[in-house]
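Biologist: Could you take me slowly through one helix and what surrounds it, and then follow the path from there to the places where the ligands sit? I am in my first year, so please build the picture step by step.

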Amino acid sequence: MLHKLALSVNAGSSSLKISLYQFTDNVEPPVTLILTSSISDISSLPAKFFFKIQNDSSTKPGTEELPSIKDHASGFSHFLDVLKKQKDINPDQITHICHRVVHGGDFKERVVINDESYHHIETLSDLAPLHNGAALSVIKACLSALPKAKSVAYFDTSFHRSIPNHIASYAINPTVAHQRGLKKYGFHGLSYSFILRSVSEFLKRSPKTLSLICLHLGSGASACAIRHGQSIDTSMGLTPLTGLPGATRSGAIDPSLIFHYTNKAGRITHDPNMASDIHVTEAEDILNRKSGWKSLTGTTDFRLITKRAKLEHPASDENLDRLAFDLFIDRILNYIGSYYLKLGGEVDALIFSGGIGEKSKELRTVIAENVRCLGFAQIDESKNKGLEGMDGVVFNVGLGEEGREAKKILVCRTDEQLEMARECALDGDFH
Ligand SMILES: Nc1ncnc2c1ncn2[C@@H]1O[C@H](COP(=O)(O)OP(=O)(O)O)[C@@H](O)[C@H]1O
Ligand SMILES: CC(=O)OP(=O)(O)O
Ligand SMILES: [Mg+2]
C-alpha cells in the first residue's frame, strides 16, 4: 500500500518553509520527514531557495538566489516545479496540506479550508498584513495544483486561547472592543506548542508541570509565559506588530508616535508589493514593513548586525547596528522580567528559539548574563558556541551542575511544519 503524504507549509513574514512528511502507522513518531525546502529573504530580495531530500546522499543541497521569486506565491510555484521533477515522489500521494495561518481570530482550533473558512481567514488579513494574505496565496495555489488533497489551516493564535481575560484585554471601551474583537490574540503559537512538547520530552516531565519563559526570535519576534503547560501571556497582541521589534517591524511604540511621524497616518496605502488585497493604513505599512532592523541598520540580517555591532567595544551613538542589538536586548529583558514575576518566580527554563534565538550565541550570552540575578544557570560558553552542526532539537547551554540544578537555559530548534504535520497525523477526524 502506498503511504499517504502530508505537505506542511509555513508562510512567515520573510520566508516560506515547506516540509513533506509520510504518515507512519504509529503514534510515535506519527510522521517521518521526506524533504524540506525553504524560500528566505522574501522581505529583502533576492530570495534564496533551498531544497533537500532526507537520506539522499547523491545530491548536495545548496541555496540558490532566485530573482524570479518575488513573493510567497511565486516561491511556492517554484517549489512545486522542483517537486514534480523528483522521480521518487508522487504528488498524488499528498492527502493533506497543513498551512500555518498566523491570525485565526476566534477560531479555537484547526479548520479545513472551504469557501466559508477561506473567506473568514481573508477577513482577518488586515490584522496580519505580512502573513494571512501570503498564506492565502499559497492555499489558493494548492487548491488548484493539488485539488485532491485536503487543505487544513493551523493557527498561531490557538495556543494563546488560555490567556486570562484581564491580560488579553486592552483598557479601551469594552463595547467597541467586544464588537470589533479588539484584544490580544498572540502569535507564534505553533512554535510555542512545539517548544513545550519538545522541552517536556527533553526534561522527561509532563507539559502540565512545566512553567517556561520562551523567546521566539526570528523575522518576527515574541516572548511567551507558559504556566503549567498553558500560555498565560505573550508579547504580540491584536496583530503581530506589537511587543518585540523584528526584521521590518517596530514592535511596541507609544501609539501617538505615528501621528508625529507622518501626517498621512490614517490613509489607506496601495502598495503593489503587498501580498494581496490588504487594506492597511500608511501608519501600519510604516510600522510593519519599513521599521525594525531594516530601518535602523539597512539590513534584516541579524548575523550581520551582530558582526557590525562590535560587541567587544563600548557602545557608541554612531553605531546603529550596536543600537539595534542593545535595543533588542533591552526589550527582551523587559518581557523576561515581567514574565518571571507573573510566574511567581516558578520558572523551569528560559528557552531561545527562532532563527536568531537558535543561532545567535552572542545574543544568548548577553541575555544569560542579565538573567543570572533571577537564579538562571550561568551559560556554558563551550556548549553555547558549539551548537552549530550538532544534531538534536533541545540543548541545555547551562554550566555543569548548575545547568541541572538552577533554572535552565535551553535552546530549542523550533519546527512549526512538524508541529502541524504531527497534529494532522494524530487527528482522529482525518483518518
Ligand atoms: N548566525 C546567526 N546569527 C544571528 N541571526 C541569525 C543567524 N542566522 C540567521 N539569523 C537570523 O534569523 C532570522 C530569521 O529567522 P527565522 O525564524 O528563520 O525567520 P522567519 O520569521 O522568517 O521564520 C533572520 O533575521 C536572520 O538574520
Ligand atoms: C507571527 C510572526 O511574526 O511570524 P514570523 O516570525 O514567522 O513572521
Ligand atoms: Mg517564522
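Modeller: In this predicted model, the buried residues of helix α3 are Asn-132, Gly-133, Ala-134, Ala-135, Leu-136, Val-138 and Ile-139. The helix runs over residues 132-145, and its length can be checked: at 1.5 Å a residue, its 14 residues should span 20 Å, and because the C-alpha atoms at its ends are 20 Å apart, the two values agree. As for what lies over the buried residues of α3, the cover includes the strands β1 (5-11), β6 (94-101) and β8 (150-155), together with the helices α1 (72-84) and α2 (115-123).

One of these covering elements, strand β6, leads onward, since it contains Arg-100, a position to which UniProt, in an unreviewed entry, gives the feature "binding site". Arg-100 has 25 C-beta neighbours inside 10 Å, and since 20 or more are enough, it counts as buried. If we leave aside the neighbours within four places in sequence, Arg-100 is in contact with Val-9, Asn-10, Ala-11, Ala-135, Tyr-154, Asp-156, Leu-190, Glu-416 and Met-420. Ala-135 in that list takes us back to α3, where it is one of the buried residues, while Asp-156 takes us forward, because it belongs to the residues around ligand 2.

The shell around ligand 2 consists of Gly-12, Ser-13, Val-102, Asp-156, Phe-187, His-188, Gly-218, Ser-219, Gly-220 and Pro-240. Sorted by class, this shell has 3 nonpolar, 6 polar and 1 charged residues.

Three names from that shell return when we turn to ligand 1, for among the 18 residues around ligand 1, those that come nearest are Gly-12, Ser-15, Gly-218, Ser-219 and Gly-355. Two elements, α10 (302-308) and α12 (354-359), give two or more residues to the shell around ligand 1, and α12 gives the most, with 4 residues. By class, the shell around ligand 1 has 3 nonpolar, 12 polar and 3 charged residues.

Ser-219 deserves a careful look, since it appears around ligand 2 and also among the residues that come nearest to ligand 1. Its place is in the loop between strands β9 (212-217) and β10 (221-227), yet Ser-219 counts as buried, because 25 C-beta neighbours lie inside 10 Å. Beyond the neighbours within four places in sequence, Ser-219 is in contact with Gly-12, Ser-13, Ser-14, Ser-15, Ser-43, Gly-246, Ala-247 and Thr-300. Of these partners, Gly-12 and Ser-13 are also found around ligand 2.

The unreviewed UniProt entry lists, under "binding site", Lys-17, His-216, Leu-217, Gly-218, Ser-219, Gly-220, Asp-301, Phe-302 and Arg-303. Asp-301 from this list lies in the loop between α9 (292-297) and α10, and it counts as partly exposed, because it has 16 C-beta neighbours inside 10 Å. Following α10 to its other side, we reach the loop between α10 and α11, where Lys-310 is placed. Although Lys-310 is not a glycine, it has a positive phi of about 50 degrees, and with 14 C-beta neighbours inside 10 Å it counts as partly exposed.

It also helps to see the nonpolar interior. The largest nonpolar core has 99 residues, and those with the most contacts inside it are Ala-6, Cys-98, Ile-213, Cys-214, Ala-223, Ile-351 and Ala-421. Helix α11 (residues 320-342) supplies the largest share of this core, 8 residues. Ala-421, setting aside its neighbours within four places in sequence, is in contact with Ala-6, Ser-8, Ser-19, Tyr-21, Val-31 and Cys-98. Two of those names, Ala-6 and Cys-98, fall within β1 and β6, which take part in covering the buried residues of α3, and in this way the core brings us back to the helix where we began.

Finally, some backbone details lie in the loops around strand β3 (31-40). In the loop between β2 (16-23) and β3 stands Pro-29, which is joined to Glu-28 by a cis peptide bond with omega of about -5 degrees. The loop between β3 and β4 (47-53) holds Pro-46, and here a cis peptide bond joins Leu-45 and Pro-46, with omega of about 5 degrees. Asp-41 is found in the loop between β3 and β4 as well; it is not a glycine, but it has a positive phi of about 60 degrees.

Technical notes
Residues numbered from 1 in each chain as written. Chains lettered and ligands numbered in written order. Predicted model: local features only at pLDDT ≥ 70, side-chain atom pairs only at ≥ 80, totals over all residues. Near = placed C-beta within 6 Å. Nonpolar A, V, L, I, M, F, W, Y, C, P; charged D, E, K, R; others polar. Expected span 1.5 Å × (residues − 1). Buried ≥ 20, exposed ≤ 12 C-beta atoms within 10 Å, placed from the backbone. Contact = placed C-beta atoms within 7 Å. Core = buried A, V, L, I, M, F, W, Y, C linked by C-beta atoms within 7 Å. UniProt positions renumbered as here; feature names shortened; annotations may be inferred.
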